[in-house]
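I opened my notebook to see what this structure shows. These are my entries, in the order I made them.

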2 protein chains.
Amino acid sequence: MRLSRRARYALRMMVEITRQSNDGSKVSLANVSKRTRISRRYLEQLAIGLKNASLIMGMSGRSGGYLLARPAEKIKVGEIIEAAIGPVNIVECVDHPDLCIQVDFCPCRRIYQRINQGINKVMNEHSLAELSDMKKDCEIPDKYKPTSGSCPVR
Amino acid sequence: MRLSRRARYALRMMVEITRQSNDGSKVSLANVSKRTRISRRYLEQLAIGLKNASLIMGMSGRSGGYLLARPAEKIKVGEIIEAAIGPVNIVECVDHPDLCIQVDFCPCRRIYQRINQGINKVMNEHSLAELSDMKKDCEIPDKYKPTSGSCPVR
DNA sequence: ACATATTCCGATTGTAATAGTAGGAATTAA
DNA sequence: TTAATTCCTACTATTACAATCGGAATATGT
């Protein structure tokens, strides 16, 4: 039961945009890619989803880039994850009750719902601002920064 | 972020064993298969894991079968799921910190840990006995029971 | 005007995890 | 000795995910 890389990359991307965009300036995906070591191509895909969810705004053109659509305090972690991978439900029967003939008699259903609630509660208790706060050792020291090759950070 | 079918089947299997084994009697996988519509072959695989985790005991031979290794009250949902799919961690870096060069500087790590804690808390708050309790509409009415074919219950 | 850096869009391919099947050995009761 | 069971290992199919690719549209700086 893993959180997909897609979701984690989306979080890292948002953190990076927040950190780089100090005074509402635009941040290019090329820059985000350099600092996160996630390929620009992949970031582009993620950006579309985040944009459609109205979490960021994108400007095309030469000095284009992205910026947050709202203050980081008002963007919840859960919103970012949902934008990246859709609603978080650990079982299908929540989205598609008709897939299971025993939904109404399923002894486990209540447990699944509670786990779901637990996950979503935590995700919506924390904002992007909290994640982006750099008050202590949130910066990767140079000696850990790879200089080339694909992303060794998972 | 779905709970695998393997884990859900393991839960259903355990519930079925609990319900069928009233006075500590053995329950054959053939019977479990009939009632759950999960293939006997697949149940066999799951049973191995549950047995290794000391949740059930298996007796070979003609009138063999499985029974709970402990009272259902003392078996937590989390134990069953862990026996089926291993420890529940939504990110790899908990199991394998060396996979990510930025573990110590990861802004998201705390969130991941909290979500993990939330999930595991719920899973260990509930016992197999609770799931197996049949006090109300936990039985699939006959009209919903498939008579042949592969498992339509997911 | 033009070159360039960017977002934007759809398609494709590669890869790993999961689901499910299969054959047959070992065990034990009827 | 037959039959029903657990037990063990391997294989195959399917699916979801990760990642790449080509190129169009857009805007900017020079």
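**Entry: DNA strand D.** I looked up which elements supply the surface near DNA strand D. From chain A, helix 1 (5-20) and helix 3 each supply at least two residues. From chain B, helix 2 (29-36), helix 3, strand 1 (56-59) and strand 2 (65-68) each do so too. I keep in mind that this is a predicted model. The largest share, 4 residues, comes from helix 3 of chain B.

I then asked how many residues surround DNA strand D. I found 27, and the closest are A:Arg5, A:Ser39, A:Gly61, A:Arg62 and B:Gly58. By class, this surface has 13 polar, 7 nonpolar and 7 charged residues.

**Entry: DNA strand C.** I turned to the other strand of my list. DNA strand C is surrounded by 27 residues. The closest are A:Gly58, B:Arg5, B:Arg6, B:Gly61 and B:Arg62. I sorted the residues of this surface into 7 charged, 7 nonpolar and 13 polar.

Which elements each supply at least two residues here? From chain A, I noted helix 2 (29-36), helix 3 (40-52), strand 1 (56-59) and strand 2 (65-68). From chain B, I noted helix 1 (5-20) and helix 3 (40-52). Helix 3 of chain A gives the most, with 4 residues.

**Entry: helix 3 of chain A.** I looked at this helix next. Helix 3 of chain A has 13 residues. From its first C-alpha to its last, the helix reaches 18 Å, close to the 18 Å expected at 1.5 Å a residue.

Which residues of helix 3 of chain A are buried? I found A:Leu43, A:Leu46, A:Ala47 and A:Leu50. They lie on the same side of helix 3 of chain A, because they cover an arc of only 110° around the axis. I added a reminder: an α-helix has 3.6 residues a turn, so residues three or four places apart point the same way.

I checked what these buried residues pack against. In chain A, they pack against helix 1, helix 2, strand 1, strand 2 and helix 4 (77-85). The face turned away from the buried side carries the exposed residues A:Arg41, A:Glu44, A:Ile48 and A:Asn52.

**Entry: the two serines.** A:Ser54 follows helix 3 of chain A. A:Ser54 sits in the loop between helix 3 and strand 1 of chain A. Its phi is near 60°, a positive value in a residue other than glycine. I wrote down the background: most residues other than glycine have a negative phi.

Is A:Ser54 buried or exposed? A:Ser54 counts as exposed, because 12 C-beta neighbours lie inside 10 Å and the cut-off for exposed is 12 or fewer.

I looked up B:Ser54 as well. B:Ser54 is in the loop between helix 3 and strand 1 of chain B. Phi of B:Ser54 is near 60°, which is positive. B:Ser54 is exposed, with 12 other C-beta atoms within 10 Å.

**Entry: the hairpin of chain A.** I followed strand 1 and strand 2 of chain A. They pair in the antiparallel sense over 4 bridges. A:Ile56 has A:Leu68, in strand 2 of chain A, as its bridge partner. The two strands form a hairpin with 5 residues between them. In the turn, A:Gly61 has a positive phi of about 90°.

**Entry: chain A as a whole.** I counted 7 helices and 2 strands in chain A. Read along the sequence, the pattern is α-α-α-β-β-α-α-α-α. Chain A has 154 residues, and 34% of them count as buried.

Methods:
Residues numbered from 1 in each chain as written. Chains lettered and ligands numbered in written order. Predicted model: local features only at pLDDT ≥ 70, side-chain atom pairs only at ≥ 80, totals over all residues. Near = placed C-beta within 6 Å. Nonpolar A, V, L, I, M, F, W, Y, C, P; charged D, E, K, R; others polar. Pairing = 2+ DSSP bridges. Expected span 1.5 Å × (residues − 1). Buried ≥ 20, exposed ≤ 12 C-beta atoms within 10 Å, placed from the backbone. Arc of directions from axis to C-beta. Contact = placed C-beta atoms within 7 Å.
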